[in-house]
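Colleague: I would like a close look at a single part of this model. Please take it step by step and explain the terms as they come up.

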Amino acid sequence: MQYFSSQNEKKLIPNFVYMKFHRGEILRKKLDEYAKEHAVSILAIAKKASYHPSSAYRHFEKDDLSFNIIHKYGRAIGHDFSKEFPEMLTEYGFSPEEKEIYSSSDLAKCIKEKELWQKKYIELLEEHNKLLMGKLEQSKG
């Protein structure tokens, strides 16, 4: 096993500790898994991350892809990439995002709002049908 000697420290540290991972490949693997599981395309994920669809493939080629870019993709798919890149937390100050928790009152509010819009939709649909029936009768008459 080869060892790397840090200039600041006297002890020898195995090279694998300093091994650099290909960030683009890791991102590609995680996005492929997400795309397959959720039946979406990589291009759609790139758009959701605010990137031009062709940019995604250029991102996958970069071994030193910026953590800012990785973080944006993580937000787009709801994934915390600090699991794959722990140095995101320590070196770059990204914090894992907390998932929003909804209370039951929010759910009740959503259900009431859904019922309100559903009622309005039905009223408009019935009004539209009346107008169509009136036009049909005029054309016959």
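Colleague: In which helix is Arg23 found, and what else can be said about that helix?

Modeller: This is a predicted model, in which local features need pLDDT of at least 70 and side-chain atom pairs count only at pLDDT 80 or more, while totals for chains, interfaces and linings use all residues. Residues are numbered from 1 along each chain as its sequence is written, and side-chain values use heavy atoms, with hydrogens and water left out.

Arg23 is found in helix H1, residues 23-38. Helices here are DSSP runs of H or I with at least four residues, numbered from the N terminus. Arg23 is buried (under 20% relative accessible area; exposed is over 50%, partly exposed in between, with a 1.4 Å probe and protein chains only). Arg23 has no salt bridge (a side-chain nitrogen of Lys or Arg within 4 Å of a carboxyl oxygen of Asp or Glu). The nearest side chain of opposite charge, Glu87, is 4.6 Å away; Lys and Arg count as positive, Asp and Glu as negative, and His and the chain ends are not counted. Leaving aside neighbours within four places in sequence, the contacts of Arg23 (heavy atoms within 4.5 Å) include Lys62, Phe67 and Phe85.

Salt bridges do occur further along H1. Asp32 forms one with Arg28, the closest N and O atoms being 3.0 Å apart. Both lie in H1, 4 residues apart, about one turn of the helix. Asp32 is partly exposed at 33% relative accessible area, and Arg28 is partly exposed at 30%.

Lys30 forms a salt bridge with Glu33, at 3.3 Å between the closest N and O atoms. Lys30 also meets Glu84 in a salt bridge, 3.7 Å from N to O. That pair links distant parts of the chain, with Glu84 in the loop between helix H4 (67-77) and helix H5 (87-92), and Lys30 in H1, 54 residues apart. Lys30, Glu33 and Glu84 are thus linked in a network of salt bridges.

H1 also packs against helix H3 (residues 53-61), at an angle of about 130 degrees and with the axes 6 Å apart. Axes are lines fitted to C-alpha atoms, for helices over the stretch in contact, and angles run from 0 to 180 degrees between N-to-C directions. The two helices are therefore oblique to each other: angles under 35 degrees count as roughly parallel, over 145 as roughly antiparallel, 65 to 115 as roughly perpendicular and the rest as oblique. In this packing, Gly24, Glu25, Leu27, Arg28 and Leu31 of H1 meet Tyr57, His59 and Phe60 of H3.
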